[in-house]
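Morning, everyone. I have one structure to walk through today, so please look at the screen.

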Amino acid sequence: MDLVARVTGFLEERLFVEGSEVRKGDLLFRLERGPFEADVMQKTGAVGQANADLETANNQLARAKSLLSGPAGQRATYEDTQTAQLGRAAALVQAQAALRASQINLDYTEIHAPISGKIGIATFTIGNVVSPGAGSLATIVSQDPMYVVFPIAVRAELALRERYASRGGLSAVQVRVRHQDGRIHPASGKIDFVAPTVSANTDTILLRASVPNPSRGDAMPGEVTQRDLIDGEFVTVLVEGIAPVQVLAIPRAAVLSDQQGSYVYVVGEDNKASIRRITLGQSSPEVAAVIAGLTEGETVVVEGLQRVRPGQP
């Protein structure tokens, strides 16, 4: 979120440490207040004068009303006095509105944090003139939780909804984040937004997950703190069910493939190898998940595959 000046004035104070954590409501910048305080005083005087004028008009209207039982000419005098009184009342409202606007401008000389988060570098130094059109004074990035946005295939999104329909749909899915160095973020997140449209070019749908991003150590306001996730970082997203699906797993090195698909060498009771076609599920570089083709307890060849021949011991 960008911080922008709402009024034009000289920048007098910067009250934060660049790169530190700030809380919502913290005072961050203060502009020169003198001209705005003088304007408030002037408008306060104008309100007082308008009040006095209205009081005079009220008294004149009361006297004119008491004379209505006299000559006919008193009716015209009363109506003129009533019109003047309404004009004085309107002038008071205008003066009060002008005072309110001046008070708002005076309040704008103090710039507070609209959200909690980490604040970046101040783009203006003390003594510069800032204005609404001068650009951002600094940027605050919300830190906890952090939003992770990612696309998935529409077919995968529908499968997740169907699988966990009885448990709340996508609310029963957890999101894990893997950094570029392979580390897994310790906290898991929840999907809190699904885009209303599908990307026609890729047949994917955009999802957003809210992931906790606590500080490393005690996060004290005004101090530079470190968190695991950084705004704008590219990460790998793992979408998992809260109740994992149990499948057989074998070392990835045991899996071979040809034009017909994936297969392994299985060693039978006669200590001879045979080819077994398998169907793989979601796998990793180290472990292959086998959906079909193997049963628990069977022995597969992991090393020395180049020397294995079907039917040989």
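What share of the 313 residues in the protein do buried residues make up? The answer is 29%. Keep in mind that this is a predicted model.

Now the overall dimensions. The C-alpha trace spans about 130 × 50 × 35 Å along its principal axes. The radius of gyration is 37 Å, whereas a compact globule of 313 residues would come in near 20 Å. The accessible surface is about 19,000 Å². Carbon and sulfur atoms account for 52% of that surface.

Next, the make-up. The protein has three helices and 20 strands. Take the contacts between residues at least 6 apart in sequence: 66% of them join residues at least 24 apart. On charge, there are 30 positive and 34 negative. The mean positions of the two sets lie 4 Å apart.

Let's go to helix 3, residues 154-163. Which residues of helix 3 are buried? Val154, Glu157 and Leu160. They sit on the same side of helix 3, because the arc they cover around the axis is only 125°. The general rule helps here: an α-helix has 3.6 residues a turn, so residues three or four places apart point the same way. Now turn to the other side of helix 3. Arg155, Leu158, Glu162 and Arg163 are exposed there. And what covers the buried residues of helix 3? The cover includes strand 9 (146-153), strand 10 (173-178) and strand 11 (189-199). It also includes strand 12 (204-211) and strand 13 (236-241).

Two single residues to finish. Start with leucine 11, in strand 2, residues 9-14. Buried or exposed, this leucine 11? Buried, because its relative accessibility is 1%, and the cut-off for buried is under 20%. Set aside its neighbours within four places in sequence, and leucine 11 is in contact with Phe29, Arg30 and Leu31. It is also in contact with Phe124, Thr125, Ile126, Gly127 and Asn128. Proline 132 is 121 residues away from leucine 11 in sequence. In space the two are 13 Å apart, C-alpha to C-alpha.

The second one is histidine 185. Where is it? Histidine 185 is in the loop between strand 10 and strand 11. Histidine 185 has a relative accessible area of 1%, so it counts as buried. Again leaving out neighbours within four places in sequence, histidine 185 is in contact with Arg176, Val177 and His179. Its other contacts there are Val211, Pro212, Asn213, Asp228 and Leu229.

Technical notes. Residues are numbered from 1 along each chain as its sequence is written. This is a predicted model: local features need pLDDT of at least 70, side-chain atom pairs count only at pLDDT 80 or more; totals for chains, interfaces and linings use all residues. Side-chain values use heavy atoms; hydrogens and water are left out. Buried means under 20% relative accessible area, exposed over 50%, partly exposed in between (1.4 Å probe, protein chains only). Helices (H or I, at least four residues) and strands (E, at least two) are DSSP runs, numbered from the N terminus. The arc is that of the directions from the helix axis to the C-beta atoms. Contact means heavy atoms within 4.5 Å. The radius of gyration is taken over C-alpha atoms; the globule rule is 2.2 Å times the number of residues to the power 0.38. Accessible areas come from the Shrake-Rupley method with a 1.4 Å probe; for residues, only the protein chains shown count as cover. Lys and Arg count as positive and Asp and Glu as negative; His and the chain ends are not counted. The place of a charge is taken as NZ of Lys, CZ of Arg, CG of Asp or CD of Glu.
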